[in-house]
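Subject: Structure handover

Hello,

As promised, I am passing the structure on to you. Have a look at it first, and then read on for my notes.

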Amino acid sequence: MSRLDALRGPEPAVDHNARTIAALAANPGCDRRAVFDAAGVDKQAIARHLGYPAPFGQSVFAITRARAFEELVKADGCAHLLRLLRELLGLTVAEVAYDDIADVGGNASHAVRHARTRALLRRAATAPPGDVAAAGTLFDHPLLRLDMGGAEVYLEPDVIAFQARGRFHVIAIKSFAVIDGQADPARVAAAARQAAVYVHALRRLFEEEGLDPARVAHDVVLVCPKDFANTPTATLVDVRQQLSVLARQLSRLTRVDRILDRLPPGLTFDLRKDADGTPTRSSADLAQAVRKVPARFAPDCLSSCDMAYFCRAEARERGSTDLLGRAARDELGGVASVPAVLALAEGTREPAADEVEIAAQLRLAHRLYAETTRAMGTVA
Amino acid sequence: MSLLTAYARARAVREGRAQPIATVRHLHLSPRPLVFIPLRLAGEAAAPLGAMVGTDPAEPRLLVVPQPRDRDLRFAFVAELAAIMLPYIQRYAAATETVEAKTPYERSLDAPQILVPNPRGVAFTRLLGRSCRFRRPDGPYPVHPSVPLLGQWLTFLADRAEFPGSSMLVAMTDALAAHWATGQSQVEDGNLAALVGWIDPPDGMTGPEAAAAAEDMVWSPPAGPETAPDFDAQVLAPAIRAYAASGSDVQVRDAVRSQLEPTWKVMWRAVELLRRLPEAGGVAGRWERDRAEFTREAVRIAEGGPPRGRHDSAVGAAVRLSTMERAQQAYEVQRALDDPLVMAEHRMAGKAFAGRVVHVEVERKIVPPGRTRPVNRPLVTVATDDPVRLAPGDVLISPARPKQHCEVVEVRQGEVVLQVNDGMGRGARPAPGSVPEIGESVCYADLDPGDGRGFPFPSKEETPWTHGGPPAEYVPTDEDAMEEWS
């Protein structure tokens, strides 16, 4: 049993998807998340057992709507999708083959599906031009693999890969609306970050197969409902920037084995579920184990990481300036704790050598704040 | 975020309570604002689920769409909303004054003010306006005539909300966060109830305790427009099914009310908190601008003006952006002049300083280059403890004499010598009080209110070919009116 398996316990490893990887890449300095993700630990179950369940999740209405939209786009052999792709990429493809990699003769193991994805994509990439049947134009649910800080993880497939004129495109179907050519920027950004993960993984696969990774386009196809209707519309989104951010963050991910070396032997996050699946491990004991892996909390975690509420409570115990947000923390010159900030500001603590400058700024802030609020009396 | 605000956040952690970052209120607050809390069905672009709306804290009006996917029910909701909002908006259009200017214009005496919980509420208002303004009372999908009218007004209000310093459509979290720093992050400040909890915790609770209670979605439902996923699954979905089965909307009404009522109360508490702050000096001027824009739109709509197109024209967009930039600059400068705590931000940066006048040469006259007669140019020396990062030649203004410009002559250790350039009257000697006296506390800042002329954009008809040439006049099409709805 590997070290990672021991950390996870007997439960099966939790799958990754582009969203979780994008979240991890957003906070590459967090050892806790790196270890949990590499080991495939069920973060949601752990957070719940610790008493800090993350309140996010998708609404049933949103899920229904997303599914209905995806079905619509893929209906009749992806008729809608092909029409959009023809218009968007100026193709003259009359018909295309469609391969769904989700079912491989009833065998759903990751390794098998990944091997099948590889085989299909290689065949498509090396097929002679014009051979539509062999080039197999649309690949639904490709199962990709990614190296994350030294651990191989599989990506849950929720995209389509598409080959046209020798170039492969990643297609992401999202159910948020594009109204008068504009969509919610936050959701477009999230979609672009996730699509970039797939482009990255697909390029790695090409490299491993000895193919030119540049054949995977950095323009992803985003398919969304148009205006207030259900009619799909497609847009090309350039994810070069997201790709370079992702590549940098992935390379910065602390090598997991290096973190593992620092962890005490025998450490495990096993919930010790009984036959009914009820955790029997005391939450205090679990919390102690979790605390052995240092976290790096940032308020952005609250929207993307299951562990965030636990980590926030921990950061509060320390009075960490991380709680005030990255912008405030940067302004405070990286001084780690709120009491330290206030002590420097009030001159009750001698600044360390690297704190001299920020201490002077803080003392000024303290003086100006006192001077300008003095007249306010007791207003909240 | 500035270091001063970050420091205020650190203080808030220790005090267990939000700390002021403004000493006066920088937004206009109507004596009779309309609070509007919309909810949307999750997963849909702009399908209203319900709303709580009204001008009286004791009398919220609850509007509900029992089946949000039903197009007719959606527009029935909008018609109901219009029956409340339009009278509120239109009654302000009636009373106007004529403003004497180069081209005299009409300006309403007061204007509507709509308060929504957060920026997403503003975004939803915009989308609701967009989904209604092209509809027609006749044709294939007829709607009540008030629907496109409300669509036009919501579009206008959402547009104003983007202008810095406008107070016609205000996101409450933004308004509060501009005046108080909490001991949490900006991400968490997006939760209205948590933010109010930090600013004014209930008796027996600290700010963080109140904020923690506000994060519990069972006791404190989200302020919209999105609802909590658990609520959707466990309460709303069965209620909508019950409506489908029985035709009675009682269950959906109860469900939606349970999600809106807590936010309704918090919104009015927030209004009270803002009202406690004295109004800043520049607020009245900015509100005048809002009133003038309001009257312009009211006249345009009354004359049968078409709904705004889907896209701005090139010139229109450029003018709008330029106006917004100038409004932003003027707003930031005015805030600093109105509020010593905001000015402190500039003092931190060395762009402003405060101190005491230690020396004045009030009789000083010089002959400016290119002129023949001597003019008054008094010198004022100010002693200050602030870290001054100014250089000779910089032109400064002062909250005490906002029309006057002073030039930096010399910066010494702990002292700044200024030359007063204008604002001294036409007499042989500077008018009394126009030059600071020894012992006076003064503050000077290198701030440019940007009140000069704007960039001379071409007219729409003269749009250059680089920008597509003159655009075709926008005429609402049948296609717009008949737009498909899912």
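Below are my notes on a sheet, two helices, the domains, a loop residue and the nonpolar core.

Please keep in mind throughout that this is a predicted model.

**The sheet in chain B**

A good place to start is an open sheet of five strands in chain B, with the order β4-β3-β2-β7-β8 and mixed pairing. Its edge strands are β4 and β8 (169–171), each of which pairs on one side only. On average, neighbouring strands in this sheet are turned by 20° against each other, if direction is ignored.

If you zoom in on one end of that order, you will find β3 (residues 48–54) and β4 (residues 61–64) of chain B, which pair in the antiparallel sense over four bridges. The two form a hairpin, with six residues between them. Two pairs of residues help to find the register: B:Gly50 stands opposite B:Val64, and B:Ala51 stands opposite B:Leu63. As a general reminder, side chains in a regular strand alternate between the two faces of the sheet.

**Two helices across it**

Helix α2 (residues 71–94) of chain B lies across β2 (34–40), β3 and β4 of chain B, and runs at about 15° to β3(B). Helix α10 (residues 250–276) of chain B lies across β2, β3, β4 and β7 (114–116) of chain B, this time at about 140° to β2(B).

**Domains and a loop residue**

Chain B is divided into domain 1 (3–338) and domain 2 (352–445). Taken over C-alpha atoms, the centres of these two domains of chain B are 44 Å apart.

Do also look at B:Pro458, in the loop between β17 (441–445) and α14 (478–481) of chain B. Is B:Pro458 buried or exposed? The answer lies in between: B:Pro458 counts as partly exposed because it has 14 C-beta neighbours inside 10 Å, whereas a buried residue would need 20 or more and an exposed one 12 or fewer. Setting aside residues up to four places away in sequence, B:Pro458 touches B:Val315, B:Thr463 and B:Pro464. B:Ser441 is 17 residues from B:Pro458 along the chain, and their C-alpha atoms are separated by 47 Å.

**The nonpolar core**

Finally, the largest nonpolar core has 224 residues, and A:Tyr198 and A:Leu202 have the most contacts inside it. Leaving out neighbours within four places in sequence, A:Tyr198 is in contact with A:Ala18, A:Leu144, A:Leu155, A:Val159 and A:Val170.

Enjoy exploring it!

Best wishes

Key:
Residues are numbered from 1 along each chain as its sequence is written. Chains are lettered from A and ligands numbered from 1 in the order in which they are written. This is a predicted model: local features need pLDDT of at least 70, side-chain atom pairs count only at pLDDT 80 or more; totals for chains, interfaces and linings use all residues. A nonpolar core is a set of buried Ala, Val, Leu, Ile, Met, Phe, Trp, Tyr and Cys residues joined through C-beta atoms within 7 Å. Two residues are in contact if their C-beta atoms, placed from the backbone, lie within 7 Å. Domain bounds come from an automatic or database domain assignment. Two strands pair if DSSP finds at least two bridges between them. Axes are lines fitted to C-alpha atoms, for helices over the stretch in contact, and angles run from 0 to 180 degrees between N-to-C directions.
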